[in-house]
Amino acid sequence: MDATYDGNILAGPLAEVFTAEITTAVARCRNCGRSSAVAELAVYGPDPGLVARCPGCAEAMLRLVRAPDAIWLDLSGVIAIRLTPSTSG
Amino acid sequence: MARAAIPGRLSVRRAWRPAVLVDRWAETSSASTLVLEVDDWPGHLAGQHVDVQLTAEDGYQASRSYSLAAPADGDRIEITVQRLPRGEVSPFLVDELAPEAVLEVRGPLGGWFVWRAKDRGPVLLVAGGSGIVPLMAMIRARAGVSRAPFRLLYSVRTPQDRIYAAELHRRAEDDGGLDVAWVHTRTAPAGDPRPPGRLGADDLAGHGWPPDGDATCYVCGPTGFVEAASTLLLAAGHDPGRIRTERFGGA
(Lines give C-alpha, C1' and ligand atoms only; values in the text may rest on other atoms or scores of the structure.)
Protein backbone atom coordinates (compact mmCIF):
# COMPACT_ATOMS: atom_id res chain seq x y z
CA MET A 1 0.00 0.00 0.00
CA ASP A 2 1.30 3.44 -0.92
CA ALA A 3 1.70 5.95 1.85
CA THR A 4 -0.96 8.61 1.77
CA TYR A 5 1.35 11.43 2.81
CA ASP A 6 4.92 12.18 3.67
CA GLY A 7 6.64 13.80 6.62
CA ASN A 8 5.73 17.31 5.51
CA ILE A 9 2.34 16.68 7.11
CA LEU A 10 4.01 16.17 10.51
CA ALA A 11 4.97 19.86 10.70
CA GLY A 12 1.79 20.96 12.49
CA PRO A 13 1.22 18.00 14.82
CA LEU A 14 4.88 17.93 15.90
CA ALA A 15 5.01 21.71 16.40
CA GLU A 16 3.06 20.89 19.54
CA VAL A 17 5.98 18.77 20.74
CA PHE A 18 9.22 20.23 19.35
CA THR A 19 10.27 23.86 19.36
CA ALA A 20 12.61 23.32 16.38
CA GLU A 21 11.40 22.82 12.81
CA ILE A 22 10.80 19.08 12.49
CA THR A 23 10.42 18.53 8.73
CA THR A 24 14.04 19.48 8.04
CA ALA A 25 15.30 17.43 10.99
CA VAL A 26 17.21 14.25 10.13
CA ALA A 27 16.02 11.00 11.70
CA ARG A 28 17.96 7.73 11.73
CA CYS A 29 16.07 4.46 11.34
CA ARG A 30 16.62 1.93 14.10
CA ASN A 31 15.99 -0.96 11.72
CA CYS A 32 18.24 -0.15 8.74
CA GLY A 33 20.31 2.80 9.90
CA ARG A 34 19.27 5.06 7.03
CA SER A 35 19.17 8.79 7.76
CA SER A 36 16.25 10.70 6.24
CA ALA A 37 14.84 14.18 6.49
CA VAL A 38 11.61 13.84 8.45
CA ALA A 39 9.83 15.34 5.41
CA GLU A 40 10.90 12.28 3.40
CA LEU A 41 9.31 9.69 5.67
CA ALA A 42 6.31 7.81 4.29
CA VAL A 43 3.31 8.78 6.40
CA TYR A 44 0.04 6.89 6.79
CA GLY A 45 -3.02 8.45 8.39
CA PRO A 46 -4.30 10.82 9.61
CA ASP A 47 -6.80 8.64 11.48
CA PRO A 48 -6.64 7.16 14.05
CA GLY A 49 -3.09 8.48 14.16
CA LEU A 50 -0.07 9.21 12.00
CA VAL A 51 2.52 6.49 11.34
CA ALA A 52 5.79 7.52 9.70
CA ARG A 53 7.82 4.81 8.01
CA CYS A 54 11.42 4.71 6.79
CA PRO A 55 11.58 5.36 3.01
CA GLY A 56 14.36 2.78 2.83
CA CYS A 57 13.09 -0.27 4.73
CA ALA A 58 9.44 0.71 5.46
CA GLU A 59 9.76 0.02 9.19
CA ALA A 60 7.64 2.27 11.41
CA MET A 61 9.90 4.95 12.87
CA LEU A 62 7.41 7.27 14.52
CA ARG A 63 3.79 7.04 15.63
CA LEU A 64 1.73 10.02 16.75
CA VAL A 65 -1.76 9.83 18.21
CA ARG A 66 -3.67 12.87 19.41
CA ALA A 67 -6.19 12.27 22.19
CA PRO A 68 -8.33 15.09 23.62
CA ASP A 69 -6.06 15.50 26.62
CA ALA A 70 -2.79 13.93 25.51
CA ILE A 71 -0.29 13.45 22.71
CA TRP A 72 1.15 9.95 22.31
CA LEU A 73 4.50 9.99 20.54
CA ASP A 74 6.20 6.64 19.92
CA LEU A 75 9.76 7.06 18.64
CA SER A 76 10.82 3.45 19.14
CA GLY A 77 11.85 3.09 15.48
CA VAL A 78 14.26 6.02 15.66
CA ILE A 79 17.85 5.92 16.93
CA ALA A 80 18.35 9.67 16.95
CA ILE A 81 16.98 12.90 15.54
CA ARG A 82 19.19 15.80 14.56
CA LEU A 83 17.37 19.11 14.86
CA THR A 84 18.50 22.62 14.03
CA PRO A 85 17.70 24.72 17.09
CA SER A 86 14.96 27.28 16.62
CA THR A 87 16.21 30.85 16.78
CA SER A 88 12.84 32.51 16.50
CA GLY A 89 11.75 31.76 20.06
CA MET B 1 -5.56 22.52 32.46
CA ALA B 2 -2.85 25.15 32.78
CA ARG B 3 -0.39 25.46 29.95
CA ALA B 4 3.05 27.00 29.99
CA ALA B 5 3.13 30.14 27.92
CA ILE B 6 5.63 30.10 25.09
CA PRO B 7 6.61 33.56 23.93
CA GLY B 8 7.37 34.75 20.44
CA ARG B 9 6.60 33.53 17.02
CA LEU B 10 6.63 29.86 17.86
CA SER B 11 3.38 30.13 19.78
CA VAL B 12 1.79 31.71 16.72
CA ARG B 13 2.94 28.85 14.53
CA ARG B 14 1.66 26.08 16.78
CA ALA B 15 -1.60 27.58 18.03
CA TRP B 16 -4.99 27.08 16.41
CA ARG B 17 -6.24 30.51 15.43
CA PRO B 18 -9.56 31.70 14.02
CA ALA B 19 -9.72 32.24 10.28
CA VAL B 20 -12.64 33.91 8.51
CA LEU B 21 -13.70 32.87 5.00
CA VAL B 22 -13.72 36.18 3.12
CA ASP B 23 -13.83 34.95 -0.48
CA ARG B 24 -14.04 31.76 -2.53
CA TRP B 25 -14.05 31.01 -6.24
CA ALA B 26 -14.00 27.89 -8.38
CA GLU B 27 -10.76 27.03 -10.19
CA THR B 28 -12.17 23.90 -11.85
CA SER B 29 -15.39 21.90 -11.40
CA SER B 30 -13.83 20.20 -8.37
CA ALA B 31 -11.30 22.67 -6.94
CA SER B 32 -11.88 26.05 -5.31
CA THR B 33 -9.66 28.73 -3.86
CA LEU B 34 -10.58 30.00 -0.40
CA VAL B 35 -9.34 33.32 0.93
CA LEU B 36 -9.04 33.31 4.71
CA GLU B 37 -8.35 36.22 6.99
CA VAL B 38 -6.20 35.47 10.03
CA ASP B 39 -5.41 38.28 12.47
CA ASP B 40 -1.71 39.09 12.75
CA TRP B 41 -0.66 36.60 10.08
CA PRO B 42 3.17 36.49 10.29
CA GLY B 43 3.77 35.91 6.57
CA HIS B 44 5.06 32.68 5.06
CA LEU B 45 7.41 31.08 2.56
CA ALA B 46 6.31 29.71 -0.82
CA GLY B 47 5.61 26.02 -0.39
CA GLN B 48 4.51 26.17 3.24
CA HIS B 49 1.13 24.87 4.34
CA VAL B 50 -1.47 25.35 7.03
CA ASP B 51 -3.46 22.85 9.01
CA VAL B 52 -7.19 23.58 8.89
CA GLN B 53 -9.45 22.38 11.69
CA LEU B 54 -13.23 22.11 11.66
CA THR B 55 -15.32 21.58 14.78
CA ALA B 56 -18.85 20.23 14.53
CA GLU B 57 -21.63 21.31 16.88
CA ASP B 58 -21.22 18.08 18.82
CA GLY B 59 -17.54 18.83 19.36
CA TYR B 60 -16.21 16.39 16.74
CA GLN B 61 -13.06 17.75 15.14
CA ALA B 62 -11.30 17.03 11.88
CA SER B 63 -8.12 18.62 10.59
CA ARG B 64 -6.34 18.52 7.24
CA SER B 65 -3.27 20.13 5.70
CA TYR B 66 -3.54 22.51 2.73
CA SER B 67 -0.76 24.25 0.86
CA LEU B 68 -0.75 28.02 0.79
CA ALA B 69 -1.40 29.03 -2.81
CA ALA B 70 0.01 32.55 -2.89
CA PRO B 71 2.10 35.02 -0.91
CA ALA B 72 0.16 36.55 1.98
CA ASP B 73 -1.76 39.74 1.32
CA GLY B 74 -1.53 41.28 4.78
CA ASP B 75 -3.68 39.06 6.97
CA ARG B 76 -5.23 37.29 3.99
CA ILE B 77 -4.05 33.87 2.89
CA GLU B 78 -5.20 31.62 0.04
CA ILE B 79 -5.59 27.87 -0.09
CA THR B 80 -6.87 25.87 -3.07
CA VAL B 81 -8.85 22.79 -2.11
CA GLN B 82 -9.57 19.83 -4.37
CA ARG B 83 -12.87 18.15 -3.52
CA LEU B 84 -12.20 14.47 -2.77
CA PRO B 85 -15.30 12.33 -3.52
CA ARG B 86 -15.27 10.53 -0.18
CA GLY B 87 -13.53 13.31 1.70
CA GLU B 88 -14.65 14.38 5.12
CA VAL B 89 -13.31 17.93 5.03
CA SER B 90 -12.72 18.99 1.41
CA PRO B 91 -16.38 18.82 0.18
CA PHE B 92 -17.40 20.98 3.12
CA LEU B 93 -14.72 23.58 2.40
CA VAL B 94 -15.45 23.65 -1.35
CA ASP B 95 -19.26 23.50 -1.28
CA GLU B 96 -20.75 24.24 2.12
CA LEU B 97 -18.67 26.55 4.26
CA ALA B 98 -20.62 29.83 4.33
CA PRO B 99 -19.07 33.24 3.66
CA GLU B 100 -17.86 34.86 6.90
CA ALA B 101 -17.77 31.43 8.57
CA VAL B 102 -14.96 30.92 11.04
CA LEU B 103 -12.70 27.90 11.09
CA GLU B 104 -9.30 27.36 12.70
CA VAL B 105 -5.86 27.33 11.14
CA ARG B 106 -2.39 26.51 12.43
CA GLY B 107 0.72 27.71 10.65
CA PRO B 108 2.58 28.60 8.53
CA LEU B 109 4.08 25.12 8.64
CA GLY B 110 6.97 23.25 7.05
CA GLY B 111 10.53 24.19 6.21
CA TRP B 112 11.47 21.44 3.76
CA PHE B 113 9.28 21.95 0.71
CA VAL B 114 9.93 25.68 0.38
CA TRP B 115 11.47 28.02 -2.15
CA ARG B 116 13.12 31.28 -1.11
CA ALA B 117 13.63 34.27 -3.40
CA LYS B 118 17.32 34.30 -2.46
CA ASP B 119 17.71 30.85 -4.11
CA ARG B 120 18.97 31.93 -7.52
CA GLY B 121 19.47 28.57 -9.21
CA PRO B 122 17.20 27.10 -11.86
CA VAL B 123 14.07 25.40 -10.61
CA LEU B 124 12.03 22.56 -12.07
CA LEU B 125 8.49 22.29 -10.77
CA VAL B 126 6.65 19.02 -11.43
CA ALA B 127 2.98 19.02 -10.50
CA GLY B 128 0.38 16.28 -10.57
CA GLY B 129 -3.24 17.44 -10.25
CA SER B 130 -3.77 19.67 -7.24
CA GLY B 131 -0.08 19.25 -6.44
CA ILE B 132 0.20 22.47 -8.44
CA VAL B 133 -0.86 24.52 -5.40
CA PRO B 134 2.46 24.95 -3.50
CA LEU B 135 4.30 25.20 -6.83
CA MET B 136 1.97 27.99 -7.91
CA ALA B 137 2.84 29.75 -4.66
CA MET B 138 6.50 29.59 -5.75
CA ILE B 139 5.67 30.94 -9.24
CA ARG B 140 3.66 33.79 -7.71
CA ALA B 141 6.33 34.54 -5.11
CA ARG B 142 8.98 34.69 -7.85
CA ALA B 143 7.14 37.21 -10.04
CA GLY B 144 8.83 40.59 -9.98
CA VAL B 145 11.24 39.53 -7.23
CA SER B 146 13.54 36.86 -8.66
CA ARG B 147 15.09 36.03 -12.01
CA ALA B 148 15.70 32.40 -11.13
CA PRO B 149 14.71 30.45 -14.25
CA PHE B 150 11.61 28.33 -13.59
CA ARG B 151 10.20 25.48 -15.61
CA LEU B 152 6.86 23.93 -14.76
CA LEU B 153 5.66 20.52 -15.95
CA TYR B 154 2.03 20.16 -14.99
CA SER B 155 0.28 16.82 -15.34
CA VAL B 156 -3.53 16.74 -15.45
CA ARG B 157 -6.07 14.19 -16.66
CA THR B 158 -7.91 16.49 -19.07
CA PRO B 159 -7.72 20.18 -20.03
CA GLN B 160 -10.74 20.79 -17.76
CA ASP B 161 -8.68 19.69 -14.75
CA ARG B 162 -6.10 22.46 -15.11
CA ILE B 163 -6.04 24.60 -11.98
CA TYR B 164 -4.90 28.24 -12.50
CA ALA B 165 -4.91 27.61 -16.29
CA ALA B 166 -5.54 31.21 -17.38
CA GLU B 167 -3.01 32.67 -14.95
CA LEU B 168 -0.36 30.11 -15.96
CA HIS B 169 -0.84 30.92 -19.64
CA ARG B 170 -0.57 34.62 -18.85
CA ARG B 171 2.51 34.21 -16.67
CA ALA B 172 4.23 32.02 -19.26
CA GLU B 173 3.92 35.04 -21.58
CA ASP B 174 4.62 37.83 -19.10
CA ASP B 175 6.91 36.46 -16.37
CA GLY B 176 10.34 36.39 -17.97
CA GLY B 177 12.14 33.11 -17.41
CA LEU B 178 9.06 31.01 -16.69
CA ASP B 179 8.27 28.10 -19.01
CA VAL B 180 5.06 26.10 -18.67
CA ALA B 181 4.49 22.67 -20.26
CA TRP B 182 1.42 20.48 -19.93
CA VAL B 183 1.10 16.74 -19.66
CA HIS B 184 -2.40 15.33 -20.27
CA THR B 185 -2.83 11.78 -19.07
CA ARG B 186 -6.31 10.97 -20.45
CA THR B 187 -7.47 13.62 -22.91
CA ALA B 188 -5.23 16.12 -24.64
CA PRO B 189 -6.55 19.32 -26.21
CA ALA B 190 -7.11 19.32 -29.97
CA GLY B 191 -3.88 19.90 -31.84
CA ASP B 192 -1.60 18.89 -28.97
CA PRO B 193 1.30 17.01 -30.58
CA ARG B 194 1.79 15.03 -27.38
CA PRO B 195 -0.55 12.03 -27.17
CA PRO B 196 -2.29 11.53 -23.81
CA GLY B 197 -0.21 9.53 -21.39
CA ARG B 198 1.57 9.62 -18.08
CA LEU B 199 4.60 11.78 -17.40
CA GLY B 200 7.63 10.14 -18.99
CA ALA B 201 11.37 10.52 -19.38
CA ASP B 202 10.84 12.36 -22.68
CA ASP B 203 8.71 15.00 -20.96
CA LEU B 204 11.43 15.66 -18.40
CA ALA B 205 14.17 15.64 -21.03
CA GLY B 206 12.22 18.06 -23.23
CA HIS B 207 10.92 20.46 -20.61
CA GLY B 208 13.13 20.01 -17.55
CA TRP B 209 16.72 21.00 -16.83
CA PRO B 210 19.83 18.96 -17.61
CA PRO B 211 20.70 16.78 -14.61
CA ASP B 212 24.31 17.97 -14.51
CA GLY B 213 23.35 21.58 -13.77
CA ASP B 214 22.47 22.99 -10.39
CA ALA B 215 18.69 22.79 -10.78
CA THR B 216 16.49 22.12 -7.77
CA CYS B 217 13.43 19.97 -8.46
CA TYR B 218 10.17 20.32 -6.54
CA VAL B 219 7.66 17.52 -7.10
CA CYS B 220 4.16 17.60 -5.64
CA GLY B 221 1.10 15.46 -6.26
CA PRO B 222 -0.55 12.20 -5.28
CA THR B 223 1.84 9.61 -3.88
CA GLY B 224 1.98 7.44 -7.02
CA PHE B 225 2.71 10.47 -9.20
CA VAL B 226 5.46 11.73 -6.89
CA GLU B 227 7.10 8.29 -6.73
CA ALA B 228 7.04 7.96 -10.52
CA ALA B 229 8.33 11.49 -11.16
CA SER B 230 11.16 11.20 -8.62
CA THR B 231 12.18 7.83 -10.04
CA LEU B 232 12.40 9.42 -13.51
CA LEU B 233 14.43 12.36 -12.19
CA LEU B 234 16.85 10.05 -10.39
CA ALA B 235 17.17 7.82 -13.46
CA ALA B 236 17.96 10.93 -15.54
CA GLY B 237 20.83 11.64 -13.16
CA HIS B 238 19.47 14.38 -10.94
CA ASP B 239 21.11 14.72 -7.53
CA PRO B 240 18.80 13.14 -4.91
CA GLY B 241 19.79 15.99 -2.59
CA ARG B 242 18.21 18.47 -5.00
CA ILE B 243 14.86 16.73 -5.36
CA ARG B 244 12.21 17.88 -2.88
CA THR B 245 8.91 16.08 -2.75
CA GLU B 246 5.51 16.54 -1.17
CA ARG B 247 2.87 13.81 -1.32
CA PHE B 248 -0.75 14.02 -0.37
CA GLY B 249 -3.67 11.66 -0.11
CA GLY B 250 -5.93 10.82 -3.00
CA ALA B 251 -5.66 8.48 -5.93
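Me: Buried means under 20% relative accessible area, exposed means over 50%, and partly exposed is in between (1.4 Å probe, protein chains only). With that in hand, why is B:Arg76 called partly exposed?

Reply: Its relative accessible area is 36%. That value falls between the 20% and 50% cut-offs, so B:Arg76 is partly exposed. Note that this is a predicted model: local features need pLDDT of at least 70, side-chain atom pairs count only at pLDDT 80 or more, totals for chains, interfaces and linings use all residues, and side-chain values use heavy atoms, with hydrogens and water left out. Residues are numbered from 1 along each chain as its sequence is written, while chains are lettered from A and ligands numbered from 1 in the order in which they are written.

Me: What makes B:Arg76 and B:Glu37 a salt bridge?

Reply: The rule asks for a side-chain nitrogen of Lys or Arg within 4 Å of a carboxyl oxygen of Asp or Glu. Here the N to O distance is 2.9 Å, so the pair passes. The two residues are 39 apart in sequence, B:Arg76 in strand E5 (residues 76-82) and B:Glu37 in strand E2 of chain B. Strands here are DSSP runs (E, at least two residues), helices are runs of H or I (at least four), and both are numbered from the N terminus. B:Glu37 has 30% relative accessibility and is partly exposed.

Me: Why do such side chains pair at all?

Reply: Side chains of opposite charge can pair when their charged atoms come close.

Me: How do you know that B:Asp119 and B:Lys118 meet in a salt bridge?

Reply: Their N to O distance is 3.9 Å. The cut-off is 4 Å, so they still count. Accessibility separates the two. B:Lys118, at 65%, is exposed. B:Asp119, at 28%, is partly exposed.

Me: What is the distance in the salt bridge of B:Glu167 and B:Arg171?

Reply: The closest N and O atoms are 2.8 Å apart. Both residues lie in helix H4 (residues 165-174) of chain B, four residues apart, about one turn of the helix. Both are buried. Shared partners extend the pairing: B:Glu78, B:Arg140, B:Glu167, B:Arg171 and B:Asp175 form one network of salt bridges.

Me: Why is B:Ser32 called buried?

Reply: Its relative accessible area is 7%, under the 20% limit, so B:Ser32 is buried. The residue sits in strand E2 of chain B. Contact means heavy atoms within 4.5 Å. Not counting residues up to four places away in sequence, B:Ser32 touches several residues, including B:Trp25, B:Ile79 and B:Val94.

Me: And why does B:Asp40 count as exposed?

Reply: B:Asp40 has 63% relative accessibility, over the 50% limit, so the word fits. Its place is the loop between strand E2 (31-37) and E3 of chain B. Its phi is positive, about 55 degrees, although it is not a glycine.

Me: What joins A:Gly45 and A:Pro46?

Reply: A cis peptide bond, with omega about 10 degrees. A:Pro46 lies in the loop between strand E4 (42-44) and strand E5 (50-53) of chain A. At 24%, A:Pro46 is partly exposed. Leaving aside neighbours within four places in sequence, A:Pro46 is in contact with A:Tyr5 and B:Arg64.

Me: How do you know that the radius of gyration of chain A agrees with a compact globule?

Reply: The radius is taken over C-alpha atoms, and the globule rule is 2.2 Å times the number of residues to the power 0.38. For 89 residues that gives a value near 12 Å, and chain A has 12 Å, so the two agree. Chain A holds one helix and eight strands. Buried residues make up 42% of the chain.

Me: How many salt bridges lie across the interface of chain B and chain A?

Reply: The rule finds two. In one of them, A:Asp6 meets B:Arg247 at 3.4 Å, N to O. That is within 4 Å, so it qualifies.

Me: What is the area buried between chain B and chain A?

Reply: About 2000 Å², with carbon and sulfur atoms giving 50%. Buried area is the accessible area (1.4 Å probe) that two parts lose on being put together, summed over both. B:Arg14, B:Trp112 and B:Arg247 supply 27% of what chain B buries against chain A, more than any other three residues. In contact terms, 23 residues of chain B meet 24 residues of chain A.
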